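Q: Could you take me on a close look at one part of this model, the aromatic rings and the strands that carry them? I would love one connected walk through it.

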Amino acid sequence: MVEIEIYSSLWCPFCYRAKHLLKNKGAAFAEYDVDGEPARRSEMVSRSGGRRTVPQIFIGGTHVGGSDELAALERAGRLDVMLEAGTP
């Protein structure tokens, strides 16, 4: 599988939802806590084009967006393809 990165916060229900979906897919991911590591928040904002909300998800280096966008990829049948190939 491709590299997956999630910028998240411990008490964020949207983060939980996104991680739950990926775990159910058997996808491993690197998680960056933006509350515990302030430098990670700046990194997230820079990589995501200015977005400040969590989660911000990257699959194969491509910015996917947040939990809603991840769920939309799943509904459209495109998430599995991205997880295998790393492309949208």
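A: Let's begin with a charge over a ring: in this predicted model, the charged end of Arg40 sits over the ring of Tyr32, 3.8 Å from the ring centre. A second arginine does something comparable with another ring, as the charged end of Arg47 is placed over Phe58, 4.0 Å from the centre of that ring.

Now to the rings themselves. Tyr7, Tyr32 and Phe58 are joined into a cluster by ring pairs, and the count of aromatic pairs comes to two. In one of them, Tyr7 and Tyr32 make a tilted pair, with 5.0 Å from centre to centre and 50 degrees between the planes. Because Tyr7 belongs to strand E1 and Tyr32 to strand E2, this pair ties together parts that are 25 residues apart in sequence. Both of these tyrosines are buried. Tyr7 also pairs with Phe58, this time edge-to-face, at 5.9 Å centre to centre and with 75 degrees between the planes. Here the link runs from strand E1 to Phe58 in strand E3, 51 residues apart, and Phe58 is buried, like Tyr7.

With the cluster in view, follow the strand that holds Tyr7. All five residues of E1 are buried. Ile4, Ile6 and Ser8 point one way from the strand, while Glu5 and Tyr7 point the other way. That fits a general pattern: in a regular strand, side chains alternate between the two faces of the sheet.

E1 has a partner on either side in an open, mixed sheet of four strands, ordered E2-E1-E3-E4. E2 (30-33) and E4 (62-65) are at the edges with a single partner strand each, so one side of each is left without a neighbour in the sheet. On average, neighbouring strands are turned by 20 degrees against each other, direction ignored. E1 (residues 4-8) runs antiparallel to E3 (residues 56-59), and four bridges join them; Tyr7 stands opposite Gln56, and Glu5 stands opposite Phe58. With E2, E1 pairs in the parallel sense, also over four bridges, and there the bridge partner of Glu5 is Ala30.

Finally, the helices. H2 (residues 38-47) lies across E1, E2 and E3, running at about 120 degrees to E1. Together, E1, H1 and E2 make a right-handed β-α-β unit.

Conventions. Residues are numbered from 1 along each chain as its sequence is written. This is a predicted model: local features need pLDDT of at least 70, side-chain atom pairs count only at pLDDT 80 or more; totals for chains, interfaces and linings use all residues. Side-chain values use heavy atoms; hydrogens and water are left out. Two strands pair if DSSP finds at least two bridges between them. Helices (H or I, at least four residues) and strands (E, at least two) are DSSP runs, numbered from the N terminus. Axes are lines fitted to C-alpha atoms, for helices over the stretch in contact, and angles run from 0 to 180 degrees between N-to-C directions. Contact means heavy atoms within 4.5 Å. Buried means under 20% relative accessible area, exposed over 50%, partly exposed in between (1.4 Å probe, protein chains only). A crossover is right-handed if, with the strands pointing away from the viewer, the path from the first strand over the helix to the second runs clockwise. Rings of Phe, Tyr and Trp (its six-membered ring) pair if their centres lie within 6.5 Å; planes under 30 degrees apart count as stacked, over 60 as edge-to-face and the rest as tilted. A charge sits over a ring if NZ of Lys or CZ of Arg is within 6 Å of the ring centre and within 35 degrees of the ring normal.
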